[in-house]
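Keep the sequence and the 3D view side by side while reading. The text below goes from one loop outward to the helices and then to the charged pairs.

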Amino acid sequence: MSQSTSTLRRNGFTFKQFFVAHDRCAMKVGTDGILLGAWAPVAGVTRILDIGTGSGLLALMLAQRTDESVTIDAVELDSEAATQAQENIAHSPWPQRITVHTEDVRQWVPRQTTRFDLIISNPPYYEQGVECATPQREQARYTTTLDHEALLTTAADCITEEGFFCVVLPEQTGNIFTQQALSMGWHLRLRTDVAETESRLPHRVLLAFSPRTGECFSDRLVIRGPDQLYSEGYTALTQAFYLFM
């Protein structure tokens with residue numbers, strides 16, 4: 001991301017309709033989250049769950065994309081990040097629609113009496129390895145706290161029959177995640193491979209799974225054109241959010 005597409009402050013990002021402070025969050029606002037928040041299918045949704053909300057970025061993007069009757073629950077294990085998400089949401093146009101829960105989603109989900117028709121997560125994807133600078137960053141980056149099987153199981157326990165569960169992952173990790181999801185009874189319905197430029201291999205993948213079987217739609221998104229400016233596809237997807245796009 002550059003100064004030309006959003007206003008960067010050291011402690012956060014200014015988007016067209018909201019500001020996201022992230023100085024107390026292990027994982028900062030980045031292209032992965034912005035892609036997922038802009039890409040996830042929202043047609044017809046009434047109740048959304050954001051697993052591991054961090055700064056609240058995804059919850060805020062989905063609030064902007066949906067009407068005022070849609071409610072969003074944002075669950076975050078790290079108390080510092082959850083507090084910052086609450087502050088970001090309180091200063092946004094949608095404080096009444098988003099509720100932050102400071103809890104392990106595996107304990108929170110079993111108490112819910114209704115299901116979600118959209119579940120979204122920018123999940124940890126590193127196996128345990130090189131130590132991170134802080135326990136909070138390790139929790140956000142590594143799968144030790146919430147591994148992918150637990151994430152898929154948790155989502156399956158609270159999704160509607162026609163709902164979508166959407167994630168963004170590195171391309172190779174996404175392929176493994178997909179195989180794991182299929183083996184657990186999920187169906188892949190949408191896949192977008194993301195490459196930095198036309199000549200590069202995809203480095204990220206956006207995935208949407210559903211309990212219900214159906215055709216899978218796949219495509220490819222290139223972030224930058226030959227001139228290094230954002231491509232038409234990336235601009236069309238994200239221009240509702242970037243301040244100067």
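In which loop is Pro202 found? Pro202 sits in the loop between β9 and β10. Everything described here comes from a predicted model. With a relative accessibility of 24%, Pro202 counts as partly exposed, because the buried class ends at 20%. Leaving aside neighbours within four places in sequence, Pro202 is in contact with Glu171, Asp193, Val194, Ala195 and Arg220. The C-alpha atom of Pro202 is separated by 9.5 Å from that of Thr192, which is 10 residues away along the chain.

Several of these names come back among the salt bridges. Glu171 and Asp193, both contacts of Pro202, are linked with Arg191 in a network of salt bridges. Arg220, another contact of Pro202, forms a salt bridge with Glu198, and the closest N and O atoms of that pair are 3.1 Å apart. Glu198 lies in the loop between β9 (187-195) and β10, while Arg220 lies in strand β11 (residues 217-222), so this salt bridge ties together parts that are 22 residues apart in sequence. Glu198 is exposed, with a relative accessible area of 60%, and Arg220 is partly exposed at 37%.

Now step back to the whole chain. The protein chain has 245 residues, of which 52% count as buried. There are eight helices and 11 strands. Of the contacts in the chain with a separation of 6 or more, 70% are between residues 24 or more positions apart.

How do the helices α1 and α2 pack? Helix α1 covers residues 31-39 and helix α2 covers residues 57-65; their axes are 9 Å apart, at an angle of about 30°. That angle makes α1 roughly parallel to α2, since angles under 35 degrees are put in that class. The crossing of the two helices is right-handed. On the α1 side, the residues that meet α2 are Gly33, Ile34, Leu36, Gly37, Ala38 and Trp39; on the α2 side they are Leu57, Leu58, Met61, Leu62 and Arg65. Sorted by class, this contact of α1 with α2 has eight nonpolar, two polar and one charged residues. A general point about helices helps when reading such lists: an α-helix has 3.6 residues a turn, so residues three or four places apart point the same way.

How much of α2 is buried? Eight of its nine residues are, so α2 is largely enclosed by the rest of the structure. The buried residues of α2 are Leu57, Leu58, Ala59, Leu60, Met61, Leu62, Ala63 and Gln64.

A second helix pair can be compared by eye in the 3D view. Helix α6 (residues 148-156) and helix α7 (residues 171-183) have axes that come within 10 Å and cross at roughly 50°. That makes α6 oblique to α7. The crossing of α6 and α7 is right-handed. The residues in contact are His148, Glu149, Leu151 and Leu152 of α6, together with Thr173, Phe177, Gln180 and Ala181 of α7. By class, the contact of α6 with α7 has four nonpolar, three polar and one charged residues.

Back to the charged pairs. The structure holds 10 salt bridges. One of them joins the side chains of Asp32 and Arg204, with 2.6 Å from N to O. Asp32 lies in helix α1 and Arg204 in strand β10 (residues 204-210), so this pair ties together parts that are 172 residues apart in sequence. Are Asp32 and Arg204 buried or exposed? Both Asp32 and Arg204 are buried. Asp104 and Arg106 form another salt bridge, in which the closest N and O atoms are 3.0 Å apart. In this pair, Asp104 is buried, with a relative accessible area of 15%, whereas Arg106 is partly exposed, with 33%.

One last residue to find is Gln228, in the loop between β11 and α8 (232-238). Its phi angle is near 70°, a positive value in a residue other than glycine. Gln228 is partly exposed, with a relative accessible area of 44%.

How values were computed:
Residues numbered from 1 in each chain as written. Predicted model: local features only at pLDDT ≥ 70, side-chain atom pairs only at ≥ 80, totals over all residues. Heavy atoms only, no water. Axes fitted to C-alpha atoms, helices over the stretch in contact; angles between N-to-C directions. Helix = DSSP H or I, 4+ residues; strand = E, 2+ residues; numbered from the N terminus. Parallel < 35°, antiparallel > 145°, perpendicular 65-115°, else oblique. Left-handed = near helix turned anticlockwise from the far one by under 90°. Contact = heavy atoms within 4.5 Å. Nonpolar A, V, L, I, M, F, W, Y, C, P; charged D, E, K, R; others polar. Salt bridge = Lys/Arg side-chain N within 4 Å of Asp/Glu carboxyl O. Buried < 20%, exposed > 50% of the residue type's maximum accessible area, 1.4 Å probe, protein only.
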